[in-house]
Amino acid sequence: MRNLVDILDFSTEEIDELVEVALDIIESPEKYADAAKGKILGTLFFEPSTRTRLSFTSAMMSLGGNVLGFDSAQSSSVTKGETLSDTIRMVSGYTDIIAMRHPKEGAPIVASTVSDVPVINAGDGGHYHPTQTLTDLLTIKRRCGRFDNLTIGICGDLKYGRTVHSLISAMTRYTGIKFVLISPDELKLPDYVKADFLDKCGCEYSEVTSLEEAIPSLDILYMTRIQAERFADKNEYERLKNCYELTAAMLGNAKESLCILHPLPRVTEIAVDVDDDPRAAYFEQAEGGRYIRMALILMLLKTKGVNDRRGGDAMPDTSLVCNNPHCISRTERGIKQLYKNGCCIYCDQKAEKV
Ligand code: CP
């Protein structure tokens, strides 16, 4: 049995296969109409969502399967004090596959250790969002025709933007990728993402603040929302919330082949006058989420055998503590604190000495 906790759980060959299946579904949806007949998807959303939850629902219905779940923690027994582990144990008895979103980083790892059915991470705090990355990759394939030799500008909230972290980790496995990381100083990419992905693969990247100066060199421009819900200091959010706005007038020097992406929802970072530009691909990107999630559900339903649970080679270490306030290990009762290479296995952040 396989889970999708972070995008690197899948090889590049598996990602290629998912993209190919999604393209085939787009071409011939009728072939897949009963492909998951009799199967049940659980959608457990402890945080709000429009695209991810509804595209998973649409995907399972389009495969002939059924869906059950909840769309907020408030409508679940979490409000009575139930742990995530107990919730997942219950739901894995009612379903064949689970897609979950949770505000705590590493929550899907905890879920995968107790679930008897595949667990899909549909976003965990400011950490990862691997199914958004699959959606991004499908759009890149359709628009650019390749995953190699691309200059990718990522603009906005690189600190809390989980879609950014997953996209970077996925793209560092391809050749000839250059990143232009566009953000204010306060919202730069976290050190663990730089260390684990960019530095490890020797990927070329620059960190800049000007969106306008970056645009002419880009093959892909990935705009992101400033993540209001992740800021501890609301005044800082107010100060930074309008730091970038892409307008049609700014695209004069952009490549004709530029692909403009955004995981959505957008607030003010892309003006509506960009929507009519043929280079704007973000609505097509969101629509594609349905098809790539169909391919993903089919792939995971087929997997059998040993659960690829996390933490097999991680160790308890009483001299270390994870001080990330957003990590699931800080709140979930009864889970083991585990570390690998000095980092917490749930949130990937460097642990501190007690
Ligand atoms: N892109 C994305 O995750 O959107 P939702 O929050 O609406 O699911």
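This briefing describes the fold, domains, ligand shell, core and selected local features of one protein chain.

The structure is a predicted model. The protein chain contains 10 helices and 13 strands. Its radius of gyration is 20 Å, close to the 20 Å that the globule rule gives for 354 residues, so the chain is as compact as a globular protein of that length. A ligand lies between domain 1 and domain 2, because both domains give residues to the shell around it.

**Overall form**

- The C-alpha trace of the protein chain spans about 55 × 55 × 35 Å along its principal axes.
- Of the 354 residues in the chain, 45% count as buried.
- Taking contacts between residues at least 6 apart in sequence, 76% join residues at least 24 apart.

**Domains**

- The domain assignment divides the chain into domain 1 (7-128 + 288-301), domain 2 (130-285) and domain 3 (314-354).
- The centres of domain 2 and domain 3, taken over C-alpha atoms, are separated by 29 Å.

**Ligand shell**

- The ligand is surrounded by Ser49, Thr50, Arg51, Thr52, Gly123, Gln132, Pro263, Leu264 and Pro265.
- By residue class, this shell comprises three nonpolar, five polar and one charged residue.
- Two residues of the shell, Leu264 and Pro265, are joined to each other by a cis peptide bond, with omega about 5°.
- Pro265 is located in the loop between strand E9 (259-261) and helix H10.
- As background to this bond, most peptide bonds are trans.

**Nonpolar core**

- The largest nonpolar core holds 93 residues, and those touching the most other members are Ile98, Ile154, Leu221, Tyr222, Ile260, Leu296 and Ile297.
- Helix H10 (residues 282-302) gives the most to this core, contributing 10 residues.
- Leu221 is in contact with Gly153, Cys155, Ile215, Leu258 and Ile260, when neighbours within four places in sequence are left aside.
- In soluble globular proteins, nonpolar side chains tend to be buried together.

**Covered helices**

- Helix H4 (residues 107-114) is mostly covered, with six of its eight residues buried.
- The buried residues of H4 are Ala107, Pro108, Ile109, Val110, Ala111 and Ser112.
- Elements covering these residues of H4 include helix H3 (84-92), strand E3 (97-102) and strand E4 (119-124).
- In helix H6 (residues 162-171), 10 of 10 residues are buried.
- The buried residues of H6 include Arg162, His165 and Ser166, as well as Val164, Leu167 and Ile168.
- The cover over H6 includes E4, helix H5 (130-144), strand E5 (151-155), E6, H7 and strand E8 (220-223).
- Strand E4 is thus named in the cover of H4 and also in the cover of H6.

**Residues with positive phi**

- Most residues other than glycine have a negative phi.
- Asn341, although not a glycine, has a positive phi of about 50°.
- Asn341 sits in the loop between strand E11 (339-340) and strand E12 (343-344).
- This residue, Asn341, is exposed because it has 9 other C-beta atoms within 10 Å, and the exposed class ends at 12.
- Asp348 likewise is not a glycine and has a positive phi of about 70°.
- Asp348 occupies the loop between E12 and strand E13 (352-353).
- In contrast to Asn341, which is exposed, Asp348 is buried, because 22 other C-beta atoms lie within 10 Å and the buried class starts at 20.

**Exposed loop positions**

- Asp185 is placed in the loop between strand E6 (178-182) and helix H7 (191-201).
- Because it has 7 C-beta neighbours inside 10 Å, Asp185 counts as exposed.
- Asp185 and Lys159 are 26 residues apart in sequence, and their C-alpha atoms are 9.8 Å apart in space.
- Ser319 belongs to the loop between H10 and strand E10 (320-321).
- Ser319 is exposed, since it has 9 other C-beta atoms within 10 Å.
- Ser319 and Val354 are 35 residues apart along the chain, with their C-alpha atoms separated by 5.3 Å.
- Leaving aside neighbours within four places in sequence, Ser319 is in contact with Lys353 and Val354.

How values were computed:
Residues are numbered from 1 along each chain as its sequence is written. This is a predicted model: local features need pLDDT of at least 70, side-chain atom pairs count only at pLDDT 80 or more; totals for chains, interfaces and linings use all residues. A nonpolar core is a set of buried Ala, Val, Leu, Ile, Met, Phe, Trp, Tyr and Cys residues joined through C-beta atoms within 7 Å. Helices (H or I, at least four residues) and strands (E, at least two) are DSSP runs, numbered from the N terminus. Two residues are in contact if their C-beta atoms, placed from the backbone, lie within 7 Å. Domain bounds come from an automatic or database domain assignment. A residue is near a molecule or strand if its C-beta atom, placed from the backbone, lies within 6 Å of it. Ala, Val, Leu, Ile, Met, Phe, Trp, Tyr, Cys and Pro count as nonpolar, Asp, Glu, Lys and Arg as charged, and the others, Gly among them, as polar. The radius of gyration is taken over C-alpha atoms; the globule rule is 2.2 Å times the number of residues to the power 0.38.
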